Amino acid sequence: MGAHGLCYSGDLDEFSDAVLRGQRGFEAYANNYFGAHTGALQGNCPCTARQLGKDTFAALARVYVMHYPPKHWDLNLYGASFAALLAAQHQGGRAHAHDWQCAAFTARIEYAITRAYYAEEAPAATAIRVPP
């Protein structure tokens, strides 16, 4: 067992849970995790961030990071469900604070652009020789 009760090759899920719970001794990892993931959302959705304002975007980004772990190793592709989180805000206590459907639409467009930009390149087309 390591210093924090985990083997070096220990369970990654247990480690992630400890980071997200803010377990003592994992604070640096938590700060890094939240910083990297909220930064990825900011980078992927800059117009949405401007639309909502710095504080609102930061608060929602933190909620998103807490509840939506990455599904891909590349943080450039983080935020696939962020638009859904924004759209759901019309049912919350700050329903009238913003046009949540517009913010969700903006986030969807930005994420689609991000996905297209970072998409794996398709294999080159094979030339087809057509007989005369």
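**Group meeting: a six-helix chain and its core**

Let me start in the middle of the chain. The largest nonpolar core has 26 residues, and the members that touch the most others are L41, L52, F57, F82 and L86. Six elements give two or more residues to this core: helix 1 (12-21), helix 2 (27-44), helix 3 (46-52), helix 4 (54-67), helix 5 (82-88) and helix 6 (100-118). As general background, nonpolar side chains tend to be buried together in soluble globular proteins. Please keep in mind that this is a predicted model.

Now the overall layout. The chain has 6 helices and 0 strands, so from the N terminus on the order reads α-α-α-α-α-α. There are 132 residues, and 30% of them count as buried. The accessible surface comes to about 9400 Å², with 57% of that belonging to carbon and sulfur atoms. Taking contacts with a separation of 6 or more, 54% are between residues 24 or more positions apart.

Back to one core residue, L86. What does L86 touch, leaving aside its neighbours within four places in sequence? The list is T48, L52, L60, W100, A103, A104 and A107. T48 sits in helix 3, and T48 is buried, with a relative accessible area of 0%. With the neighbours within four places again left aside, T48 is in contact with F57, F82, L86, A103, T106, A107 and E110.

Next, helix 2. Helix 2 has 18 residues, and its first and last C-alpha atoms are 26 Å apart, close to the 26 Å expected at 1.5 Å a residue. Its buried residues are A30, Y33, F34, H37, A40, L41 and N44. Around the axis they cover an arc of only 130°, which puts them on the same side of helix 2. The face turned away from that buried side carries the exposed residues A28, N31, N32 and G43. For anyone new to helices: an α-helix has 3.6 residues a turn, so residues three or four places apart point the same way.

Helix 4 can be read in a similar manner. The 14 residues of helix 4 should span 20 Å at 1.5 Å a residue, and the end C-alpha atoms are 20 Å apart, which agrees. Which residues of helix 4 are buried? They are T56, F57, L60, A61, Y64 and V65. Seen down the axis, these fall within an arc of 160°, so they line one face of helix 4. Their cover includes helix 2, helix 3, helix 5 and helix 6.

A short stop at helix 1, where A18 has its place. A18 counts as buried, at 3% relative accessibility. Apart from neighbours within four places in sequence, A18 is in contact with Q23 and F26. A18 and A30 are 12 residues apart along the chain, and their C-alpha atoms are separated by 8.7 Å.

Last, the cysteines. A disulfide is a covalent bond between the sulfur atoms of two cysteines. How many disulfides does the structure hold? The count is 0. For C47, the closest cysteine sulfur is in C45, 9.0 Å away, and that is too far for a bond; the cut-off used is 2.5 Å. C47 is partly exposed, with a relative accessible area of 36%. C102 is partly exposed too, at 34%.

That is the tour. Questions are welcome.

Technical notes
Residues numbered from 1 in each chain as written. Predicted model: local features only at pLDDT ≥ 70, side-chain atom pairs only at ≥ 80, totals over all residues. Heavy atoms only, no water. Helix = DSSP H or I, 4+ residues; strand = E, 2+ residues; numbered from the N terminus. Buried < 20%, exposed > 50% of the residue type's maximum accessible area, 1.4 Å probe, protein only. Contact = heavy atoms within 4.5 Å. Areas by Shrake-Rupley, 256 points an atom, 1.4 Å probe, with all protein chains shown as cover. Core = buried A, V, L, I, M, F, W, Y, C linked by side-chain atoms within 4.5 Å. Expected span 1.5 Å × (residues − 1). Arc of directions from axis to C-beta.
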